[in-house]
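Where does this fold keep its nonpolar residues, and where does it leave space? The report below starts from one helix and works outward.

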Amino acid sequence: MIIYSLIALPISNSISEKYGIELNNDRIELGLKPITDNWTLDSIVLQVPVRGMNCFPSEIPDTTDYRFLENKWYCQYWTKKEFDQTKPYHKSKKIYFTKSFWIWQNEIDFEYDTYINPNSNLAEYEELETTVHWKNNGEIYGHLAHIKNGEDLLIDFDVNQSMYGFEKEKVNEILEKWELK
């Protein structure tokens with residue numbers, strides 16, 4: 001176990017670092033936007049089970065309920081350094097991954113990309129959030145929100161009109177319309 005520990009810990013740490021820029025070829029293959037030199041890794045946050053999915057450092061102490069040798073869940077939060085806020089832009093990327101003492105259990109789980117269109121006819125801006133499930137062969141889903149006063153407008157009070165849960169084809173259609181694809 002001691003020999004395995006001496007080998008596994010550095011390998012586990014290096015594997016989790018590969019989910020950023022080094023995964024770009026896989027992203028491009030799936031039709032996703034890569035992380036470029038114009039991006040900054042803002043944080044890597046251990047996910048505390050009671051806090052849910054939080055990718056931002058918090059005032060809550062970073063204590064967890066994880067047991068010794070239990071897999072831990074992390075989030076990398078990436079943002080673009082510079083972008084033009086007068087036209088549609090790719091705002092951020094959150095990458096969730098499992099880090100494990102057991103080398104074969106290190107894996108990327110999913111990532112969220114957030115795109116903003118400030119030129120909305122219906123609201124202050126539109127926000128497209130896409131989710132890629134790496135475990136499910138890179139399945140892509142999306143959610144388009146029309147934001148006004150910080151809240152999602154449900155068009156005609158119909159959840160379907162707010163476009164929850166559509167797939168890759170619809171995501172690509174929106175990104176092409178916004179000239180981001």
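## Helix α3, core and voids

The exposed residues Glu169, Glu176 and Lys177 sit on the face of α3 that is turned away from its buried side. This is a predicted model.

Which residues of α3 are buried? They are Val171, Asn172, Ile174 and Leu175. Viewed down the axis of α3, these buried residues fall within an arc of 160°, so they line one face of the helix. After α3 comes Glu179, and its phi is positive, near 60°.

Next, the core. In soluble globular proteins, nonpolar side chains tend to be buried together. Here the largest nonpolar core has 23 residues. Leu128, Trp134 and Trp178 touch the most other members of this core. Several elements supply at least two residues each: the strands β1 (39–46), β2 (72–80), β3 (89–99), β4 (107–117), β5 (125–133) and β6 (139–148), and the helix α3 (168–177). Which element gives the most to this core? It is α3, with 3 residues.

Now the empty space. Rolling a probe the size of a water molecule over the atoms shows where such space is left. The structure holds 1 cavity of 30 Å³ or more. The table sets the largest pocket beside the largest cavity.

| Item | Largest pocket | Largest cavity |
|---|---|---|
| Volume | about 190 Å³ | about 60 Å³ |
| Residues from α3 in the lining | 4 residues | 3 residues |
| Nonpolar lining residues | 5 residues | 5 residues |
| Polar lining residues | 4 residues | 3 residues |
| Charged lining residues | 4 residues | 2 residues |

Take the pocket. Its lining has 13 residues. Which lie nearest the centre of the largest pocket? They are Glu126, Leu144, Ile174, Lys177 and Trp178. Two of these residues have appeared above in α3: Ile174 is buried, whereas Lys177 is exposed. Trp178 also recurs, as one of the core residues that touch the most other members. The largest share of the pocket lining comes from α3.

Then the cavity. Gly31, Leu32, Lys33, Tyr115, Thr130, Ile140, Val171, Asn172, Leu175 and Lys181 line the largest cavity. Val171, Asn172 and Leu175 are among the buried residues of α3. No element gives more to this lining than α3, which gives the most.

In short, α3 recurs throughout. The helix gives the most to the largest nonpolar core, supplies the largest share of the lining of the largest pocket, and gives the most to the lining of the largest cavity.

How values were computed:
Residues numbered from 1 in each chain as written. Predicted model: local features only at pLDDT ≥ 70, side-chain atom pairs only at ≥ 80, totals over all residues. Heavy atoms only, no water. Core = buried A, V, L, I, M, F, W, Y, C linked by side-chain atoms within 4.5 Å. Buried < 20%, exposed > 50% of the residue type's maximum accessible area, 1.4 Å probe, protein only. 1 Å grid on protein atoms, 1.4 Å probe; cavity = no way out; pocket = protein on both sides within 12 Å on 5 of 7 lines; lining within 4 Å. Points joined across faces, edges and corners; volume = space filled by probe spheres on them. Nonpolar A, V, L, I, M, F, W, Y, C, P; charged D, E, K, R; others polar. Arc of directions from axis to C-beta.
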